[in-house]
Amino acid sequence: MSDAQSTLITGIGELVSNDGQPDDGQSNDGQPNDGQHNAFAAMTDAALVIAEGKVAWTGPAARAPAADSVVDAAGRAVLPGFADSHAHLVFAGERSAEFAARMAGRPYRTGGILGTVEATRAASDAVLRANLRRLVAEMLRQGTTTFECKSGYGLTVPDEARGLALAAEVTPEVTYLGAHVVPPEFAADPAGYVDLVCGPMLDACAPSARWVDVFCEDGAFGADEAAAVLAAGQAAGLDARVHANQLGPGPGVRVAAAAGAASADHCTFLTDGDVDALASTPVVATLLPGVEFSCRQPFPQARRLLDAGATVALATDCNPGSSFTSSMPFCIALAVREMGMTTEEAVWAATAGGARALRRTDIGHLGVGARADLILLDAPSHTYLAYRPGVPQIAAVWQAGAPASRRSPPSGRRAAWSRA
Ligand SMILES: [Zn+2]
């Protein structure tokens, strides 16, 4: 019933549309958007109409058409919902002691990914599902309207298949990461584990997944093994993405480029050749600054990638070990403060960049025809996401045009920073 209704959001202080028409004062009625524009774009004193779950009109508030219901943004900013293209959400247990030891500079010998694998294997479906859904709700409250979710803490055929089936309950962006690490039972036979990942485990997992991923790193999987995992996944109809160049220089980015992967994720240690590969191919460089924050490592060189012409996305890498944040606003603040990205670049990377990393053209922008996934920010501009780090500023979230999360109902009251 409500699907047939239209909603006008007016009084928007800044409408971040990413639709390639920066504040030209023109409305975009009737101009479908392909989501392929490369740059941040916004207009002030704007309005937006939602109809049938999509953006139906954007333009100056003074020229807004009538709609069935009206929301007064009272000078607040509206942005596309965040697209978090890298997250590990199906797991049990937690690793706060490991984090505390790392921050204190103390050695910590047990745990790591294999600690989470042990806890995950031992957990019931109900425990895994409850943990997953709690994290998904947490993401939504922080403005994430699309997220990717990986397996990788099961590492047996039934445990990986279970993780992916659970992920598929909450997102279409499901990633098979059987090649996360070699589990202890295969420590003496890593090649045998790669055969399992490329064979029976893939057969059991492919029906639930859209993507195949591999942790290509010293101590995980080498270039040939990673290429084999991606090729097997692609032969089963999955598209490729890669954990690349996180802990040191290595072949990950080159493997991603050779496989035609959608994204190379981490990109913390890059050679000039790696930067060239990312700039000259459609492979998105997905940066995960929550990891460097939580591991006290040097941040990725976003400026170097952007200046070379690479497409950069930001994502959380939400996982219980190296980055237990689900907050895209936090990642935006880190990218601006620590990685030299402008506020516009960081917001684009967290919205349109994430969409690009997921090969989605229907999200990450608010052009006419886009899915109406959007955030009402309790602030007058996108800059506040980095300017007020750590402050909850997501006032409301719409997913496919439906109100999905609301901190407090936007009232008609004018905020202190309102121009009106
Ligand atoms: Zn990851």
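In this predicted model, His-243 has Asp-265 of strand 11 as its bridge partner. The pair belongs to the ladder between strand 10 (residues 239-244) and strand 11 (residues 263-266), which run in the parallel sense and are joined over 4 bridges. Following these two strands outwards leads to the whole sheet, in which 8 strands are arranged in the order 6-7-8-9-10-11-12-13. The sheet is open, and its pairing is parallel. Strand 6 (82-84) and strand 13 (312-314) each have a single partner strand, so these two stand at the edges with one side left without a neighbour in the sheet. On average, neighbouring strands of the sheet are turned by 25° against each other, direction ignored. Helix 13 (residues 343-357) packs on this sheet, where helix 13 touches strand 6, strand 11, strand 12 (284-287) and strand 13. The direction of helix 13 makes about 100° with that of strand 13.

Attention now turns to the helices. Two packed helices are described by the angle between their axes and the distance between the axes. For helix 7 (residues 223-235) and helix 8 (residues 252-259), the axes come within 10 Å and cross at roughly 30°. Angles under 35 degrees count as roughly parallel, and helix 7 and helix 8 are therefore roughly parallel to each other. The crossing in which helix 7 passes helix 8 is right-handed. On the helix 7 side, the meeting residues are Ala-223, Ala-226, Ala-227 and Leu-230, and on the helix 8 side they are Val-255, Ala-258 and Ala-259. Sorted by class, this contact has 7 nonpolar residues, with no polar and no charged ones.

Helix 8 also packs with helix 9 (residues 272-280), and here the axes come within 9 Å and cross at roughly 25°. Helix 8 and helix 9 are therefore roughly parallel to each other as well. The crossing of helix 8 and helix 9 is left-handed, whereas that of helix 7 and helix 8 is right-handed. Helix 8 brings Val-253, Arg-254 and Ala-257 to the contact, and helix 9 brings Asp-274, Ala-277 and Leu-278. The contact of helix 8 with helix 9 includes 4 nonpolar and 2 charged residues, and no polar ones.

On the scale of the chain, the protein is divided into domain 1 (6-81 + 365-406) and domain 2 (83-357). Taken over C-alpha atoms, the centres of domain 1 and domain 2 are separated by 30 Å. Each domain gives residues to the contact, 22 from domain 1 and 22 from domain 2. On the side of domain 1 that touches domain 2, two or more residues come from each of strand 5 (77-80), helix 14 (384-387), strand 15 (394-399) and strand 16 (402-406). Strand 15 gives the largest share of that side, with 3 residues. By class, the side of domain 1 that touches domain 2 has 12 nonpolar, 9 polar and 1 charged residues.

Strand 5 has pairings of its own to follow. Strand 1 (residues 6-16) pairs with strand 5 in the parallel sense over 2 bridges, and Glu-14 has Ala-77 of strand 5 as its bridge partner. Strand 5 also pairs with strand 14 (residues 374-377), in the antiparallel sense and over 4 bridges. For Leu-79, the bridge partner in strand 14 is Ile-375.

Conventions: Residues are numbered from 1 along each chain as its sequence is written. This is a predicted model: local features need pLDDT of at least 70, side-chain atom pairs count only at pLDDT 80 or more; totals for chains, interfaces and linings use all residues. Axes are lines fitted to C-alpha atoms, for helices over the stretch in contact, and angles run from 0 to 180 degrees between N-to-C directions. Angles under 35 degrees count as roughly parallel, over 145 as roughly antiparallel, 65 to 115 as roughly perpendicular and the rest as oblique. A crossing is left-handed if the near helix is turned anticlockwise from the far one by less than a right angle, and right-handed if clockwise. Two residues are in contact if their C-beta atoms, placed from the backbone, lie within 7 Å. Ala, Val, Leu, Ile, Met, Phe, Trp, Tyr, Cys and Pro count as nonpolar, Asp, Glu, Lys and Arg as charged, and the others, Gly among them, as polar. Two strands pair if DSSP finds at least two bridges between them. Domain bounds come from an automatic or database domain assignment.
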